[in-house]
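Let's take a friendly walk through this structure together. Have the sequence and the 3D view open side by side, and follow along at your own pace.

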Amino acid sequence: MSTTPIDVPVLIVGGGPSGLVLALSLVQNGIAVRIIDKNPNFHVGQRGSGIQPRSLELFKFLGVLPDIWEQSAWNKPSAIYQMPEGRDIAKVVDMTPYAEPTPDVPFDNLIRKRFYANTLRNEEGVTAQVVRRLDTQEEIQIVRAKHLVSAEGAKSVVRKQLAIPFIGETKDSMRLVHADIYASGISTEYWHQWGDMGSKTVRIRPTEYPGIFSLMAGGKDADTATLAASRDALLKFVYKVTNRSPEELQFGEIKSVSEFRPNIRLADKFSEGRVFLVGDAAHVHSPTGGQGLNTGIQDSFNLAWKLALVLKHQSPPSLLTSYTFERLPVAKDVLSLTTKIMEKTVAFKTGGGTDASFAQRPKALHQLGVNHRRSDIVVDEQPDEKQQDEMFDVSAAYRPEDPSVLRAGDRAPDSPGLLRLNLVLDRNNDKLVSEEESTTLFDILSTTRHTALIFPSAAAADVRGQDITETVMALKCATPRGTIHIVFILINIKDCDTNVKFALDGVADRDIDVFVDGEGHAHAFYPPVKQGFSTIIVRPDAVVGAVVKSREGVEEYLNRVFCYNIRGKRGLIFRR
């Protein structure tokens, strides 16, 4: 046993997508982490293969999107075969039709060593006893962390040790076998489906790896335990349901096989003291809809920037309570939406018709409309919104995207065509020099700091200089250095009048940039600007934190997030 404790700010239990996104986000913020995982090897085969547009945006912010592209493939349309013959295609359905990128939505859909840990909590942090296995040798280590995050999946040991209820059900009547298998003699242009869950079904789809297909087999009349245990039984089942012979459809090595049954469960809270749950440790649901992996990494992205600010003593520990408040409603809606899709899938019958509406997915699944409008740390000075909870049968936290509306708590849209201005100030003449190369707002946003977008054209002309100066001063004086990037977005160079230049004078070292909205997208996709809301603050997780037109609104948001009280009779003051 190692007698010297290992100290680390954050201990992450689980090395899947949720754990890795959390780790990468924290490391980018200068926070050291340690990841432990119970599995001795990387998982073989596909899990969470559907990557939604919002997740691709997060991967861009994390700097890993090129690697994701390289390992991905586009979704294919589903070919549903006429049964019982199973030879002819009855209908072809695009579950997620390809959509051309738009200026505000640039991405479309895609497709270790062994450890065990027991944890003890106290007010100062978390102590974990970790059993580290190397071959046949075991070493017990003591790891002391300020915070522990469980990203270890639905069977989370940490969640069980905390006795956090995991409320829901397991659909034992809907067992399936999933295998990744080498195959030939079948088209790679479609996802193929025979039969239905009411009797027997087989689904085969190509993966991003040449020659390897994802195979699902099951149904009410299937013995899935036998199918998972016996290759011969599985292939015999496939041939019978598809009405294919071994000469027509050839199968090779099975890379992985497992029996699956849908779990629909939700933890009643996502944190306990200094311990947090992300991903499947906090919520599990049907895989229909492709929401699991995507929701999990967004949990991590939401938590990471808050942990970083608290660990740097730049925000109060109370900021961390917003994690459960923001993410639990989203997870609840995911369970509701995916369960309805699963029920439609199970109810589908292939015998008598070709209605395949069950396979068509609502745009809400893109997760571009997922929001935290009801969060207690966002500030919105716009009039109260009209509730649209009935849309797609989802609640306010889970909506289809609507580019005509932007509120605090919404995803921040992209805006290409921004031209950087170099501001040159001298005693005789103010000069603005435009750079030829344009950039996008997504290239400006950062996982390590807030971004304050200031639109001078939205401020009233008679008080523009005063309002902008006070806003810049509030942002400068009420935030720690390096935690906020001030970005002016102008309609044109003339928009940067003397008052705006005065606000910028002498603050070049405070992370302030000026851009011209060369193609008009920023003013179009941030509609509050047209209503006079000149300041929009974007959080490090690319969520709008504040939509305001006054200095008081800026101060209110900063006061909710950072360790400062900026109200005082004589101006801006600091208080830890």
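The paragraphs below visit a sheet and its helix, then the nonpolar cores, and finally one acidic residue.

Please keep in mind that what you are looking at is a predicted model. A good place to begin is the open sheet, which is built from seven strands in the order β4-β3-β10-β11-β12-β9-β13, with mixed pairing. At its edges you will find β4 (89-93) and β13 (250-260), each of which pairs on one side only. As you step across from one strand to the next, the twist averages 20°.

Now zoom in on the end of the sheet where β9 meets β13. Strand β9 (residues 176-184) is joined to β13 by eight bridges, and the two run antiparallel. To find your bearings in this pairing, pick out L176, whose bridge partner in β13 is F260. Packed on the sheet is helix α6 (residues 231-242), which touches β9, β10 (191-195), β11 (201-206), β12 (212-218) and β13. The direction of helix α6 makes about 100° with that of β13.

From here, let's turn to the nonpolar cores. The largest one holds 76 residues, and the members that touch the most others in it are L303, L475 and F488. Helix α7 (residues 292-311) is the element that gives the most to this core, contributing eight residues. Apart from this core lies another, made of 37 residues, including L453, I489, Y526 and F533. Try selecting L475 to see its surroundings: leaving out residues up to four places away in sequence, L475 touches A452, I454, I484, I486, I537, V554 and L558.

Our last stop is D513, which sits in strand β23 (residues 512-517). Is D513 buried or exposed? The answer falls in between: D513 counts as partly exposed because its relative accessibility is 22%, and the buried class requires a value under 20%. Beyond its neighbours within four places in sequence, D513 is in contact with R420, H485, I486, V487 and F488. Two of these names have come up already: F488 is among the residues that touch the most other members of the largest core, and I486 is one of the residues that L475 touches.

Which side chains does the side chain of D513 meet in polar contacts? One is the side chain of R420, at 3.0 Å, and another is that of H485, at 2.7 Å. D513 and H485 are 28 residues apart in sequence, with 7.9 Å between their C-alpha atoms.

Key
Residues numbered from 1 in each chain as written. Predicted model: local features only at pLDDT ≥ 70, side-chain atom pairs only at ≥ 80, totals over all residues. Heavy atoms only, no water. Helix = DSSP H or I, 4+ residues; strand = E, 2+ residues; numbered from the N terminus. Buried < 20%, exposed > 50% of the residue type's maximum accessible area, 1.4 Å probe, protein only. Contact = heavy atoms within 4.5 Å. Polar contact = N/O pair within 3.5 Å; in protein donor to acceptor, adjacent residues only side chain to side chain. Core = buried A, V, L, I, M, F, W, Y, C linked by side-chain atoms within 4.5 Å. Pairing = 2+ DSSP bridges. Axes fitted to C-alpha atoms, helices over the stretch in contact; angles between N-to-C directions.
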